[in-house]
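Please open the model in your viewer and keep the sequence panel beside it. We will move from one selection to the next, pausing at each to see what is there.

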Amino acid sequence: MANSKLGGELHQQRGTAENYGLDAERYDRTRPRYPDDLVDRIARSCPGNELLNVGAGTGIEARQFQAAGCTVVGVEPDARMADFARAHGTEIEIARFEDWDSAGRRFDGIISGQAWHWVDPEAGAAKAASVLRPAGRFAAFWNVAEPPAEVREAFRKIYVEVVPDALATRAYSMPVPPVSSSPLLTKTIEGIRKAGGFGEPEQWQFEWEYLYSKDEWLDQLPTQGDHGQFDPEKLERVLTEVGAVIDAMGGSFDMKYTAVAVTATRPAS
């Protein structure tokens with residue numbers, strides 16, 4: 001989950017988000033997908049199959065919802081990510097969601113995977129309510145990762161030594177809060193309540209696991225948080241030392257994920 005333990009006004013910190021498009025192919029290849037149960041529950045709870053994907057990125061969740069029978073239009077501020085998504089079958093319009101012109105269109109559902117923290121939570125919720133049809137559903141969701149305790153501690157030591165001011169260093173150094181109390185989730189819920197136009201927000205959770213090989217984890221690392229802003233020599237050192245830790249653990253480790261959605265619906269009339 002993108003810095004779920006850090007809080008702060010992430011929607012005002014565009015520099016980190018804008019790094020993700022530097023290697024859109026790697027981002028799309030390595031970032032985790034979302035469990036089918038989450039996709040199916042959201043799709044089934046919408047009054048129709050026309051969805052708007054906010055912060056669509058390279059189209060990861062858009063393709064999953066398309067496979068579930070939905071039509072998806074994406075909104076994405078990074079042209080590099082948008083180009084990749086278009087090349088892989090997703091219709092994308094380039095804009096920040098708060099500034100995006102719906103041109104009078106309305107949707108049955110709004111989805112946002114691993115991206116809503118880059119949107120102003122109150123202004124974004126108000127915009128979402130304005131473009132949803134009656135009974136339309138809003139769902140922002142994230143994968144929350146929790147490595148085994150020994151992996152977490154070994155990684156923490158590396159980041160403290162090499163990049164002490166990095167977002168990952170702070171995340172690994174702080175106590176692990178319950179998923180339901182993550183600042184990203186609470187800010188999203190507060191934004192929905194303040195904006196009005198929705199019923200009471202809910203949280204849905206789906207547990208899953210993934211066994212990462214060393215190569216898979218190292219391939220993904222440059223797409224996480226502010227890794228793209230590291231000095232190249234420091235990034236290489238992080239990759240080398242993290243790789244050595246995983247080798248010492250047998251060459252792989254099991255990551256526990258919780259896919260968690262904050263969701264709310266427009267009134268039916």
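The tour below begins with the sheet, goes on to the helices, and ends with a few single residues.

**The sheet**

Bear in mind from the start that this is a predicted model. Begin by selecting the strands: 7 of them form an open sheet in the order 3-2-1-4-5-7-6, and the pairing within this sheet is mixed. The edges are strand 3, residues 91-94, and strand 6, residues 202-213, each of which pairs on one side only. If you look along the sheet from strand to strand, you can follow a twist that averages 20° from one strand to the next.

Now select strand 1 and strand 2, which run parallel and are joined by 5 bridges. Within this pair, Leu-51 stands opposite Val-72 of strand 2, while Leu-52 has Val-73 in strand 2 as its bridge partner. Are these strands enclosed or open to the outside? Strand 1 is largely enclosed by the rest of the structure, because 4 of its 5 residues are buried, and strand 2 is largely enclosed as well, since 5 of its 6 residues are buried.

Next, select residues 132-146, which make up strand 5, together with residues 252-265, which make up strand 7; the two pair in the antiparallel sense over 10 bridges. In this pairing, Arg-137 stands opposite Thr-265 in strand 7.

**Helices on the sheet**

Add residues 60-67, which are helix 4: this helix packs on the sheet and touches strand 1, strand 2, strand 4 and strand 5, and its direction makes about 140° with that of strand 4. Then add residues 183-195, which are helix 9, and you will find this helix lying across strand 5, strand 6 and strand 7, where it runs at about 10° to strand 7.

**Helix 5 and its buried side**

Select residues 79-87, which form helix 5, and show the side chains of Met-81, Ala-82, Phe-84 and Ala-85, which are buried. Why do these residues of helix 5 lie on the same side? They cover an arc of only 160° around the axis, and this places them together on one side of helix 5. If you display what surrounds these buried residues, the cover includes helix 2, helix 4, strand 2 and strand 3. Just beyond, helix 5 is followed by Gly-89, whose phi is positive, near 100°.

**Two pairs of helices**

Two packed helices are described by the angle between their axes and the distance between the axes. For the first pair, select helix 7, residues 149-162, and helix 11, residues 232-248, which pack at an angle of about 160° with their axes 10 Å apart. Helix 7 and helix 11 are therefore roughly antiparallel to each other, and helix 7 passes helix 11 in a right-handed crossing. To see where they meet, show the side chains of helix 7 that include Phe-155, Ile-158 and Tyr-159, and those of helix 11 that include Val-238, Val-242 and Val-245.

For the second pair, select helix 6 and helix 9, whose axes come within 8 Å and cross at roughly 55°. Helix 6 and helix 9 are therefore oblique to each other, and their crossing is right-handed. The contact is made by Pro-121, Glu-122, Ala-125 and Ala-126 of helix 6 and by Lys-187, Gly-191, Ile-192, Lys-194 and Ala-195 of helix 9.

**Single residues to finish**

Most residues other than glycine have a negative phi. With that in mind, select Ala-103, whose phi is near 50° and so counts as a positive value in a residue other than glycine. Ala-103 sits in the loop between strand 3 and strand 4, and it counts as exposed because its relative accessibility is 59%. Gln-114 also has a positive phi, near 55°, and it is likewise a residue other than glycine. Gln-114 lies in the loop between strand 4 and helix 6, where it is buried, with a relative accessible area of 12%.

Last, select Arg-133, which lies in strand 5 and is partly exposed, with a relative accessible area of 28%. Which residues does Arg-133 contact, apart from its neighbours within four places in sequence? They are Glu-50, Arg-106, Phe-107, Asp-108 and Arg-266. If you also mark Arg-105, which is 28 residues away from Arg-133 along the chain, you will find that the C-alpha atoms of the two are separated by 9.4 Å.

Technical notes: Residues are numbered from 1 along each chain as its sequence is written. This is a predicted model: local features need pLDDT of at least 70, side-chain atom pairs count only at pLDDT 80 or more; totals for chains, interfaces and linings use all residues. Side-chain values use heavy atoms; hydrogens and water are left out. Two strands pair if DSSP finds at least two bridges between them. Axes are lines fitted to C-alpha atoms, for helices over the stretch in contact, and angles run from 0 to 180 degrees between N-to-C directions. Contact means heavy atoms within 4.5 Å. Buried means under 20% relative accessible area, exposed over 50%, partly exposed in between (1.4 Å probe, protein chains only). The arc is that of the directions from the helix axis to the C-beta atoms. Angles under 35 degrees count as roughly parallel, over 145 as roughly antiparallel, 65 to 115 as roughly perpendicular and the rest as oblique. A crossing is left-handed if the near helix is turned anticlockwise from the far one by less than a right angle, and right-handed if clockwise.
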